[in-house]
Amino acid sequence: MNRLVVIGGGAAGFFCAVNAARLHPGLEVWLLEKTGKLLSKVKVSGGGRCNVTHALSSIPDMVKRYPRGTQFLKKAFTHFFVPDTIQWFAERGVTLKTEEDGRMFPVTDNSQTIIDCLLREADRYQVQVKMHADVARLAKSTDGWTVHLQDGQEITAQYVCIAAGGYAQAEKFSWLQALGHSIETPAPSLFTFNMPKNPITALMGVSVPLAQVKVAGTKLQESGPLLITHWGMSGPVILRLSAWGARLLQEQDYTFTLLVNWLPDYNENSLRETWPQWRLDMGGQMIYTKNPFGLPQRLWHFLLQQSGIHEETRWSELPGKEQNKLIRHLTGMEFPVKGKTTFKEEFVTCGGIRLSEIDPNTMQSRVTPGLFFAGEIMDVDGITGGFNFQHAWTSGFVAAGLKKS
């Protein structure tokens with residue numbers, strides 16, 4: 001009966017299962033996955049390279065990257081943090097490298113390296129992996145748990161760790177509410193913005209290394225790389241904005257105005273002040289061929305067209321009305337957004353089990369002893385960049401300790 005059942009075969013579930021089996025010799029560990037695929041998010045993360053974590057080494061800095069769960073993670077990270085993740089994988093032959101933006105990947109640039117490492121650990125410590133095992137409900141018994149599967153099978157266990165990922169619909173949490181837990185309403189996080197029929201979509205594939213974006217009428221604002229797509233806008237800056245604005249944008253039914261500053265070093269006033277110098281420096285040159293701001297040429301031409309500027313115009317001949325339009329477009333162009341598109345690689349849901357009902361030092365339920373949580377099932381979510389995986393490794397490892405609160 002000395003058994004742990006882990007529900008969910010993703011990063012958090014696997015990390016809990018393999019570490020629990022290693023840390024507790026004699027404990028039988030079962031891992032249940034309702035689909036036919038293990039570690040599917042690990043596989044596609046980071047364009048198939050797996051963004052394992054982020055190189056931030058300070059817990060106070062790290063927790064600022066999580067729109068929800070900051071205080072909870074401050075405590076959890078003291079038990080297992082970025083250096084521990086790096087060391088854990090290194091001890092198992094997986095070396096991680098840091099990219100310029102702080103994201104960390106295996107040196108192989110292949111997510112299969114991480115998957116193979118976790119599968120080897122599961123094999124080494126004899127974790128019993130059951131696929132197509134969909135849990136219907138959990139029942140508390142006098143000495144533990146009975147896990148009821150949809151196919152009628154029952155599994156008894158002393159401990160259960162739920163690492164089933166995020167649910168998009170609140171009703172999917174009903175089997176956990178039945179145990180006495182409260183749910184923070186789920187909302188999509190990390191999504192891209194749809195701009196139906198907007199002429200900007202003709203520039204699909206154009207990226208800007210640094211843009212500032214804000215949601216009109218709110219305090220939501222982010223800076224970073226922006227990518228124009230055939231449906232609207234994406235890239236790290238949009239994903240970050242969607243994470244911080246997950247609940248507000250859901251309330252607005254994903255219909256709002258996005259303001260884009262293509263030149264974040266300027267605002268409308270400061271650009272207007274320096275504009276005479278640009279005109280002077282480039283006076284006789286054609287404005288279409290001379291772009292002094294380092295913007296992609298296709299975007300520069302688009303901004304000129306949207307400002308009504310003729311192709312033959314020289315910098316010194318730019319009429320005042322069109323000049324004002326261009327300055328506004330460069331520093332605060334408006335884009336109506338209607339709808340969102342799931343960013344499949346990094347898709348995250350905010351919401352989940354209320355954090356006040358979980359002990360961050362053990363991941364054990366404060367409501368029902370013997371029940372643990374790991375990963376996205378909790379109301380914790382990070383921006384893109386390896387932060388959600390670090391939460392998965394941390395919560396999975398801490399839960400694996402099976403410590404009583």
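1. Strand 16 and strand 17 (residues 333–338) run antiparallel, with six bridges joining them. Bear in mind, for this and everything below, that the model is predicted. If you want a register marker for the pair, take Leu259, whose bridge partner in strand 17 is Glu334.

2. Strand 16 (residues 255–261) also pairs with strand 13 (residues 207–215), again antiparallel, and here four bridges do the joining. A handy spot to check on screen is Gln212, which stands opposite Asn261 in strand 16.

3. Now over to Glu99. You'll find Glu99 in the loop between strand 4 (96–98) and strand 5 (103–106). Its relative accessible area is 23%, so Glu99 comes out as partly exposed, the cut-off for buried being under 20%. Leaving aside residues up to four places away in sequence, Glu99 touches Arg49 and Phe105. With Arg49 there is also a polar contact, side chain to side chain, at 2.8 Å.

4. For a sense of distance, try Glu99 and Asn361: they sit 262 residues apart in sequence, and their C-alpha atoms are 31 Å apart in space.

5. Arg92 is worth a look too. Arg92 lies in the loop between helix 5 (82–90) and strand 4. Is Arg92 buried or exposed? Arg92 counts as buried, because its relative accessibility is 15% and the limit is under 20%.

6. As for the company Arg92 keeps, Arg22, Cys117, Arg120 and Glu121 are the residues it touches, not counting residues up to four places away in sequence. The side chains of Arg92 and Glu121 make a polar contact at 3.1 Å.

Conventions
Residues numbered from 1 in each chain as written. Predicted model: local features only at pLDDT ≥ 70, side-chain atom pairs only at ≥ 80, totals over all residues. Heavy atoms only, no water. Pairing = 2+ DSSP bridges. Helix = DSSP H or I, 4+ residues; strand = E, 2+ residues; numbered from the N terminus. Buried < 20%, exposed > 50% of the residue type's maximum accessible area, 1.4 Å probe, protein only. Contact = heavy atoms within 4.5 Å. Polar contact = N/O pair within 3.5 Å; in protein donor to acceptor, adjacent residues only side chain to side chain.
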